[in-house]
Amino acid sequence: MCGRRKVNIAEFQKEKIADRRLKFGGEFCAMWIVFSIFAGVNSHRKMYYIEQVLTHYGWEGIALAGMLLLMLCVQLYYYIFLYGVIPSYKANRRALRLETPPALSVIIPMFSEDYSFVEERLPLILAQEAAEFEVVIVYVGSDTDFFEDLARLRLSFPQIVVTKIELNPRFPISTKMALNVGIKSAHHEHILFSTTDVYPVSDHWLSLVAKGFTRGEVVLGYCGLEPSAGLKSHLMQMSRMMQSADWLASAACSRPYRGIRHCVGLTKSIYFGANGFDHLNMNVGEDDLFLQRVMVRDNVAIVLSPRATLREHCWGGWHWWNDRLYYAGATIAFYPLWVRNHLQWEVGSHLFFFAGVVCALSVMPLEYKLGALFLLLLRYTVVALEVNRIAKRLGEESHWYTYFLYDLLRPFHAVWMSLRLLRKDPRVWR
């Protein structure tokens, strides 16, 4: 039996050497592992151990291990080297553009008679401690009494500027049109886009945004969702935070590709130099497609501070949130190729890593399963620590138990949303 076993090993070795010249992905990973473990063993014994590994796990097992390691490396790159810049980001690394923070014009379109904004959220904006600012409210409607009430606010708050666009059902007014009117009504060079749905969490929001203009001509801020009880609400908050972390980290790495419409600042020179908004046949795009035209590596500053965070009021639950993602996601098809690849690599590596772990736990031997579980635990540990650091920097609450569920569901939700976006949303197009 012993002699017969030696002959079989020799024949098996010849066949595998021929196959090894044709395949390189999974085999290279396996050879690297084996050679690193048995570096002190002579070449004959090394080949013997390699063949034993291949005999025991097969090429499928080696390829699966290679895929797991590759996808893990991609995931760790995103969370450590990309998202990891957010907690340690310092705006003073950029060259100083202005000696003192400039005066700001906050432009807020209003498409309804929103008394909750006037009574609850507008006072928080007017109470900001910025040196000099104005709030330009662009009312789009036909209620004369409501517009007069807005205009009378100027008697108590002289920093309010109110303008009106008469609503005509035959000619619907888009957010871009309202912002364009607000920009022309603004008295200051530095403008800040916002909405009626958000409110600042501190009275330092505008002063920090104005300080951001000393470092860049375009300023991007963060807006989280309003906290509320319930698992779905926590998942929505986590979704907003991690989506924002991606474009904030890209901007911090001098590769900006979007902002958030609740807190986007720029100069009038930038706006009029680009001839205003583009994609005028779409009701979206002012915070991504337009910014992609005017943002470059050296003209963007981001404001990262818990005191500069905004909160968006949630007008619904899980269905409302998914409808928002579907509506705003119509612009992704027009993103540059590198942005789409960047987004797809993160989701794809996440999905394939989970699929590989499930496959290993289902069909592979015990020691292989333990190795897959170790890689899964390693990823979760690194990701959880980085997400906790990001949450602290952005002023978000850290829900550890919620994040594990969100992390598990996120790649599948992203795939489902991508399939849904294949069908055009008629609300987007004019």
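## Surface and overall make-up

The accessible surface of the protein chain adds up to about 21,300 Å², and carbon and sulfur atoms hold 61% of that. Keep in mind that this is a predicted model. The chain has 430 residues, and 50% of them are buried.

As for secondary structure, the protein chain has 14 helices and 10 strands. Count up the contacts with a separation of 6 or more, and 82% of them turn out to be between residues 24 or more positions apart.

## The nonpolar cores

The largest nonpolar core has 92 residues, and the ones touching the most other members are Phe193, Leu220 and Ile302. Helix α8 is the top contributor to this core, giving 10 residues. There's also a second, separate core of 17 residues, with Phe353, Ala360, Tyr368 and Ala372 among them.

Leu220 is a good place to start looking around. Setting aside neighbours within four places in sequence, its contacts include Trp247, Ala251, Leu291, Met295 and Ile302. Arg258, Gly259 and Cys263 are also among the residues that Leu220 contacts. Arg258 comes up again below, as one half of a salt bridge with Asp287.

## Salt bridges

Side chains of opposite charge can pair when their charged atoms come close. In this model the count of salt bridges is 13.

Take Arg152 and Asp149 to begin with: their side chains form a salt bridge with an N to O distance of 2.2 Å. Both sit in helix α5 (residues 144–156), and because they are 3 residues apart there, about one helical turn separates them. Arg152 is partly exposed at 47% relative accessible area, and Asp149 is partly exposed too, at 32%.

Now for Asp287 and Arg258, whose side chains meet in a salt bridge at 3.0 Å, N to O. Asp287 is in the loop between α9 (268–273) and α10 (289–294), while Arg258 is in the loop between α8 (231–252) and β8 (264–267), so this pair ties together parts 29 residues apart in sequence. Are the two partners buried or exposed? Asp287 is buried, with a relative accessibility of 9%, and Arg258 is buried as well, with a relative accessible area of 18%.

## Around the α9–α10 loop

Another salt bridge links Arg293 to Asp278, with 3.6 Å between the closest N and O atoms. Arg293 belongs to helix α10 and Asp278 to the loop between α9 and α10, so the pair connects parts that are 15 residues apart in sequence. Arg293 is partly exposed, at 41% relative accessibility, whereas Asp278 is buried, at 14% relative accessible area. Elsewhere on the salt-bridge theme, Arg240, Glu312 and Arg324 are joined into one network by salt bridges that share partners.

Back in the loop between α9 and α10, have a look at the backbone of Asn275. Its phi is near 60°, a positive value in a residue other than glycine. His279 is in the loop between α9 and α10 as well, and phi of His279 is near 50°, again positive in a residue other than glycine. How exposed are they? Asn275 counts as exposed because its relative accessibility is 70%, over the 50% cut-off. His279, at 28% relative accessibility, counts as partly exposed.

## Glu386 in helix α13

What about a charged residue in a helix? Glu386 lies in helix α13, which covers residues 366–394. With a relative accessibility of 11%, Glu386 falls under the 20% cut-off and therefore counts as buried.

The side chain of Glu386 makes a polar contact of 2.9 Å with the side chain of Arg389. Which residues does Glu386 contact once its neighbours within four places in sequence are left aside? Those are Tyr79 and Gly84.

Note on methods
Residues are numbered from 1 along each chain as its sequence is written. This is a predicted model: local features need pLDDT of at least 70, side-chain atom pairs count only at pLDDT 80 or more; totals for chains, interfaces and linings use all residues. Side-chain values use heavy atoms; hydrogens and water are left out. Helices (H or I, at least four residues) and strands (E, at least two) are DSSP runs, numbered from the N terminus. Buried means under 20% relative accessible area, exposed over 50%, partly exposed in between (1.4 Å probe, protein chains only). A polar contact is a pair of N or O atoms within 3.5 Å; within protein, one must be able to donate a hydrogen and the other to accept it, and residues adjacent in sequence count only if both atoms are side-chain atoms. Contact means heavy atoms within 4.5 Å. A salt bridge is a side-chain nitrogen of Lys or Arg within 4 Å of a carboxyl oxygen of Asp or Glu. Accessible areas come from the Shrake-Rupley method with a 1.4 Å probe; for residues, only the protein chains shown count as cover. A nonpolar core is a set of buried Ala, Val, Leu, Ile, Met, Phe, Trp, Tyr and Cys residues joined through side-chain atoms within 4.5 Å.
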